[in-house]
Structure formats: structure tokens, C-alpha cells
Amino acid sequence: MIPPYQSLVKYENPVLISRTTDKKSTRAKPKKPSSLPSATLAPGAPVPTPPRGGKLPPVDKKQQQQTEDILNAILPPREFKEKGQLWVQQVSASPATRLDVINLQEQLDTKLQQRQARETGICPVRRELYSQVFDEVIRHVTINCAERGLLLLRVRDEIRMTLAAYQTLYESSVAFGMRKALSAEAGKADLETKITELEQEKKDLEDELQKMKAKCDEIERRETERRATEQRKHEEELAVLKRTNQQLRSQLESILAPQKK
């Protein structure tokens with residue numbers, strides 16, 4: 001028989017429950033005839049007193065059965081199959097000694113090393129092993145005092161619920177981060193495309209600016225040449241007018257000079 005996975009919780013020896021090769025009969029089993037004679041009372045006859053051979057179960061057995069029921073409720077029996085046979089293994093109800101606690105600690109250290117559990121940070125292996133140790137401690141306490149065991153059970157369930165809430169929060173935060181990263185990547189591509197378009201637009205505007213500057217320089221050059229030409233023409237006309245004025249003045253003076261004599 002191959003036992004199930006090794007756990008730090010102490011279990012009893014496996015018990016065979018059923019065989020799959022056994023054929024279950026659908027017919028009901030006939031009732032066996034009772035070997036006791038049927039008692040018939042005559043009318044008015046006194047009722048016989050029952051025999052006093054039966055005994056009530058002792059109080060210790062009742063308490064032990066109640067403790068086992070609580071243990072099975074806290075740590076349910078585990079089932080496994082082997083070669084078509086169903087085996088059930090219940091948690092041990094034997095009290096733990098100081099030596100058992102020391103052995104449990106040694107087994108914990110050994111399994112932590114064998115399974116290469118991390119000493120710090122989040123480690124599922126370390127969490128699983130410490131959960132098994134906590135269940136074993138609950139078993140120890142429950143055997144001595146069922147009320148303390150049930151209280152520790154509430155503490156264990158609260159811790160697991162808190163860890164589950166933190167795990168859900170962590171997973172949701174990771175999913176949110178992934179969504180943000182994907183949206184950022186998509187936005188990054190859009191921004192890169194927009195940057196490329198703006199750079200091309202900038203280049204086109206720079207080319208247009210160079211053309212406008214060249215055109216402006218050409219217009220200024222033409223205007224400068226035109227002003228220079230007009231200035232020369234104006235100076236030439238002015239010089240012609242001055243010469244003409246001088247000639248006319250000389251002629252006028254020559255005409256007026258004999259009259260004065």
C-alpha cells in the first residue's frame with residue numbers, strides 16, 4: 001500500500017473502506033428469522049421486567065468519542081485509492097508528548113530544507129508546511145481541551161481568510177498593473193506615431209521657412225537695386241536741371257548786362 005503524501009499532521013493507520021471489484025447487490029437482503037420466541041401476553045397478565053444485563057457506556061468513552069468527532073470536524077479524514085481499493089485515514093486522537101513536539105520541530109526544519117523553502121518573502125512551500133504544523137498544534141490542543149482547539153480553529157480560519165483577501169488584492173493589483181502597462185504601451189505607440197508626424201510637419205515648415213526667407217531676400221535685393229536705380233536717375237535729372245538752370249542764368253545775365261550799360 002502506497003500512503004498519501006507525507007504530512008506533518010499525525011494520522012492513524014489507513015483503513016480499507018471498499019473494493020471496486022466487489023459487486024453491490026441491488027436486492028435487499030432477507031431478514032433472518034429471530035431465534036427468540038415471540039412473546040405473547042395474555043389479557044390482564046403482568047408485564048415482565050426487562051433484563052438488567054445492558055450497561056451504559058462510560059463517560060470517558062463518550063468524551064473520547066466527542067473529541068474524535070471534533071478532530072474529524074477540524075481535520076477531515078483523507079481518502080486515497082490504490083489498486084481499486086478505497087482507503088481512509090483519520091487524524092490521530094492520541095495525546096502528544098514533549099518528545100512529539102520536539103520531533104515535529106525537527107521534521108519541520110528537515111522538510112523546509114528538503115523542499116528548499118525560502119527563508120524570507122512569499123513562499124507557498126513554507127506557508128504549506130507551517131499550515132500543517134499549525135494543524136498539528138491544533139490537534140494537540142484539541143485532545144487536551146476541545147474548547148481551546150475550536151478557538152484555535154477560528155484563529156486559523158481567520159488567518160487563512162486574511163491571507164486569501166491579501167492574495168486576491170495582490171492578484172487584482174497585478175492585473176491592474178498589467179492593464180496599465182498594456183494601455184501605456186498602446187499609448188506609447190500612438191505618441192510615437194504622433195511625434196513622427198509632428199517631426200515631419202516641423203521639417204516641412206522649416207523647408208517652407210527657408211523658401212520664404214529666400215524669397216524675402218530676393219525681394220529685398222530687387223528693391224535695393226530698384227531704389228539704387230531710381231536714386232541714380234534722380235541724381236542725373238537733378239544734375240541736368242542744375243546745368244540747365246545754370247545755363248539759363250548765364251543767358252539771363254548776359255541779356256541783362258548791356259541794358260545796364
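This report looks at salt bridges in a predicted model.

Side chains of opposite charge can pair when their charged atoms come close. The structure holds ten salt bridges, and three of them are introduced here, with their N to O distances in the table.

| Salt bridge | N to O distance |
|---|---|
| R115 and E128 | 3.2 Å |
| D135 and R156 | 2.9 Å |
| R221 and E225 | 2.9 Å |

Let us begin with R115, which pairs with E128. R115 sits in the loop between helix 2 (98-114) and helix 3 (124-144), while E128 belongs to helix 3, so this pair ties together parts that are 13 residues apart in sequence. R115 is partly exposed, at 39% relative accessibility, and E128 is partly exposed too, at 34%.

Next comes the bridge between D135 and R156. Here D135 lies in helix 3 and R156 in helix 4 (residues 146-260), so the contact ties together parts that are 21 residues apart in sequence. D135 is buried, with a relative accessibility of 10%, and R156 is buried as well, at 9%. There is a wider setting to explore around this pair: D135, R156, D157 and R160 are linked in a network of salt bridges.

The last pair, R221 and E225, lies within helix 4, where the two residues are four apart and thus separated by about one helical turn. R221 has a relative accessible area of 39% and counts as partly exposed. Its partner E225 is also partly exposed, at 42% relative accessibility.

Methods. Residues are numbered from 1 along each chain as its sequence is written. This is a predicted model: local features need pLDDT of at least 70, side-chain atom pairs count only at pLDDT 80 or more; totals for chains, interfaces and linings use all residues. Side-chain values use heavy atoms; hydrogens and water are left out. A salt bridge is a side-chain nitrogen of Lys or Arg within 4 Å of a carboxyl oxygen of Asp or Glu. Buried means under 20% relative accessible area, exposed over 50%, partly exposed in between (1.4 Å probe, protein chains only).
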